[in-house]
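Hi there,

Here is the structure I promised to pass on to you. Have a look at it first, and my notes on what turned up follow right below.

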Amino acid sequence: IWLPNTRLILLPSVFSGMIHLGDSVCVFKKNIYMCVVTPPAGRELPPICPNVRLKHQHQHRITVDNLPPEVRARFATDPVMPLRTKTVKEFQEDIERATVSGDWKHVHDFYLTTFGSFLELNAAFKVDANPPFNTIEDSGINTKFINAVYDALSLTPPDAQRAVLKGIINSLLREWKGRRTKDDLRAYFILVQNPQCTSPATYVIYAHLLRQIAALAEADHYFLMHWFKKLSQKRFKQLVERLHLFISTRLFPVKAEELPPMAKCSWWIPSATKVLSLLNAANIISSTPILPFVDFYNPTLDHTDFMEDYRIWQTQGNSTRFTFCQFAFILSTVVKKAVIQKDSEQQMISMARQSLVDKVSRRQRVDMSLLFLNIKVRRLQLVSDSMDELTRNRADLKKKLKVSFVGEAGLDMGGLTKEWFLLLIRQIFHTDYGMFTFFNDSHCHWFSSWKCDNFSEFRLVGVLMGLAVYNSITLDISFPPCVYKKLLTPPVVPCDLDLPVGMATLTLDDLQQVMPDLSHGLAELLSYEGNVEEDFCTTFQVSQEELGVIKSYNLKPGGDKIPVTNQNRKEYVQLYVDFLLNKSIYRQFTTFYYGFHSVCASDALMLLRPEEVEILVCGSPNLDMSSLQKAAQYEGYSKTDPTIRAFWDVVLGFPLKFQKRLLHFSTGSDRVPVGGMADLNFKISKIDTSTEWLPISHTCFNQICLPPYKNKKELKQKLTIAISNAEGFGLE
């Protein structure tokens with residue numbers, strides 16, 4: 001007979017077995033089966049089946065009292081937690097005595113006992129034997145004691161350290177099966193902080209610990225996530241670094257024989273990455289991030305076949321097959337840029353091939369220019385010409401970009417493209433142009449909220465940003481971070497074009513990055529302790545200036561008649577923020593959004609954080625000329641030549657303004673790419689000409705050519721003139 005929710009308990013002698021299911025017991029002996037229901041004391045049993053009457057029921061009604069002793073024996077219950085009263089101070093005194101006397105037996109026994117089971121771990125480190133669980137914020141663990149025990153572990157003899165590892169093995173084997181309790185979670189929380197898990201010798205144990213944590217239920221992960229965020233920054237960072245080291249060592253072991261074959265432990269890296277994702281989630285939900293998001297990058301993955309990982313993720317998504325793209329936080333911006341670049345190149349090749357096929361199939365003459373997005377503009381009509389060219393070539397936006405300036409003989413090997421982007425962005429974002437407002441206190445641009453019938457120029461800006469990412473060009477744009485949040489809302493254009501786009505969930509912190517004064521005022525409203533309605537006299541209506549005219553808008557229906565009170569002020573602030581950053585610029589931003597995604601439409605965008613999109617678009621504004629000096633290459637010179645030494649003395653002494661001009665002069669852009677200065681492949685070449693000549697640059701190749709100037713003063717004078725007049729191209 002199969003009874004649900006049962007467990008089999010073997011009994012000695014009389015009975016062969018007994019099945020327990022809540023209030024019921026099924027006892028079987030040899031070939032005879034009888035079902036015994038054990039209700040609470042004093043309560044008679046109902047029949048096994050309501051439609052069946054037991055024979056001689058009045059004579060043989062069974063109760064708990066007339067069961068044999070073997071059946072009435074108590075079932076095994078959860079073990080009683082032992083009482084452990086050792087304090088941090090007592091433990092530290094034990095360590096000090098052992099250090100002086102050399103007798104570590106007492107300390108050894110403590111480690112052996114404490115780490116021998118989950119029960120002992122909880123007995124040693126729980127603040128309270130039975131802590132309440134009405135909150136997820138407190139693990140109930142004595143963190144100070146754990147830190148003391150782990151910090152002292154490295155001071156103990158090897159046999160004590162081995163005792164800890166042996167105890168962990170026993171704990172993991174003992175606790176592997178069965179439902180997880182909160183005490184189990186505490187034990188995992190304690191064990192994962194073990195500093196011994198930094199050596200390949202302990203990685204088999206560490207891997208099994210990570211596997212068990214990764215396999216926990218989602219609700220259990222939720223508890224661990226909140227406990228992790230309570231760790232100190234030092235301990236939290238150690239956990240992150242330990243997991244990164246484990247992943248890197250498994251991918252590229254120093255000695256292959258130290259670890260099991262990859263085929264036998266393919267689950268190691270997925271388990272570690274899943275646990276790392278809990279720490280990343282803890283970092284995100286913390287009121288202020290414990291670590292910068294870049295600390296979750298694993299640079300070792302830069303040297304793996306990440307394109308294959310990306311292709312598997314593209315085809316299979318978040319299926320059961322593990323890919324790093326499922327956990328994009330671990331991939332560096334260098335990897336993500338490379339993925340987008342490769343994805344872009346494949347789209348470019350596909351578009352060019354399609355154009356060739358179309359021409360050949362129509363038996364038309366093939367012109368190699370059809371392989372490119374060709375932009376030809378006049379400097380004096382830069383914006384209008386660019387808009388016309390991009391509109392005319394809308395079908396070719398995903399081809400390789402080539403730019404030419406009317407009346408100039410430069411060939412675009414990349415330098416003219418950079419120049420075009422730089423000049424066009426400067427003009428479009430100029431306040432006189434009216435498309436964007438510049439806020440001096442936040443040093444950023446924001447979309448003008450004035451209404452018009454044609455928003456095509458906002459589409460142009462979106463296309464430009466998309467082309468920049470698509471063609472690996474960095475732009476000098478000073479948008480606040482929330483623009484990139486909006487740009488990824490959603491990261492892929494929805495199939496239903498009626499769905500809203502760019503409507504990100506933004507907060508007062510986002511407004512702070514655009515309009516700090518207004519944000520500060522709203523924060524004061526939220527914290528005001530007096531009567532908001534009487535003292536502020538504000539309604540759910542806001543006003544703003546548009547082209548010199550003050551216009552009013554209701555934040556909700558009938559808002560002009562709804563006063564802001566202490567009870568509804570949070571709603572008022574949220575609606576005000578949403579109005580300023582979303583609704584008031586919806587048409588402008590929607591056009592901008594579709595312009596960007598018309599070019600940069602890639603699944604790889606789903607891997608990016610808003611901050612990473614900003615880095616891809618703008619590069620880094622922080623110039624480190626010392627790094628450029630270290631990465632510089634030389635042709636005709638060596639780094640010890642007097643001219644080169646004078647060059648770097650001058651450049652390192654330049655103010656930031658002139659350093660940016662030098663970078664623009666030699667590379668066509670004053671922004672640092674994603675990979676840093678080393679990615680510029682900056683080269684200084686020697687030209688055997690008169691020292692009366694100014695320096696020459698080849699922006700396509702990030703190269704500057706210097707005559708052998710006689711002294712530092714002459715070099716500085718000539719270089720300053722060259723970088724201060726760096727606009728326009730010609731051919732040598």
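Cys700 sits in the loop that runs between β13 (696–698) and β14 (703–706). Keep in mind that this is a predicted model. The reason to begin here is a record: UniProt, in an unreviewed entry, puts the feature "active site" at Cys700. With a relative accessibility of 23%, Cys700 counts as partly exposed, since buried would require under 20%.

The two strands on either side of that loop belong to an open sheet of four strands, ordered β11-β12-β14-β13, with mixed pairing. Its edges are β11 (633–635) and β13, each of which pairs on one side only. On average, neighbouring strands in this sheet are turned by 25° against each other, ignoring direction. At the β11 end, the pairing with β12 (residues 683–686) is parallel and runs over three bridges. There you will find Tyr634 opposite Ile684 of β12.

Another loop you may like is the one between β8 (444–447) and α16 (456–470), which holds Ser449. Is Ser449 buried or exposed? Its relative accessibility is 14%, so Ser449 counts as buried. The side chain of Ser449 makes a polar contact with the side chain of Gln544, at 3.2 Å. Apart from neighbours within four places in sequence, Ser449 is in contact with Gln544, Glu546, Ser584, Ile585 and Gln588.

Then there are the aromatics. How many aromatic pairs does the structure hold? The count is 46. One of them is Phe429 with Phe436, a stacked pair with 4.3 Å from centre to centre and 15° between the planes. Both of these residues, Phe429 and Phe436, are buried.

Phe429 also pairs with Phe479: the ring centres are 5.4 Å apart and the planes stand at 65°, so this pair is edge-to-face. It links distant parts of the chain, with Phe429 in the loop between α15 (415–428) and β7 (436–439), and Phe479 50 residues away in the loop between α16 and α17 (481–487). Phe429 has a relative accessibility of 6% and therefore counts as buried; Phe479, at 4%, counts as buried too.

Finally, Phe429, Phe436 and Phe479 are members of one aromatic cluster, together with Trp446, Phe447, Phe455, Phe458, Phe589 and Phe592.

Happy browsing, and best wishes!

Methods: Residues are numbered from 1 along each chain as its sequence is written. This is a predicted model: local features need pLDDT of at least 70, side-chain atom pairs count only at pLDDT 80 or more; totals for chains, interfaces and linings use all residues. Side-chain values use heavy atoms; hydrogens and water are left out. Buried means under 20% relative accessible area, exposed over 50%, partly exposed in between (1.4 Å probe, protein chains only). A polar contact is a pair of N or O atoms within 3.5 Å; within protein, one must be able to donate a hydrogen and the other to accept it, and residues adjacent in sequence count only if both atoms are side-chain atoms. Contact means heavy atoms within 4.5 Å. UniProt positions are given in the numbering used here, feature names are shortened, and annotations may be inferred rather than shown by experiment. Two strands pair if DSSP finds at least two bridges between them. Axes are lines fitted to C-alpha atoms, for helices over the stretch in contact, and angles run from 0 to 180 degrees between N-to-C directions. Rings of Phe, Tyr and Trp (its six-membered ring) pair if their centres lie within 6.5 Å; planes under 30 degrees apart count as stacked, over 60 as edge-to-face and the rest as tilted.
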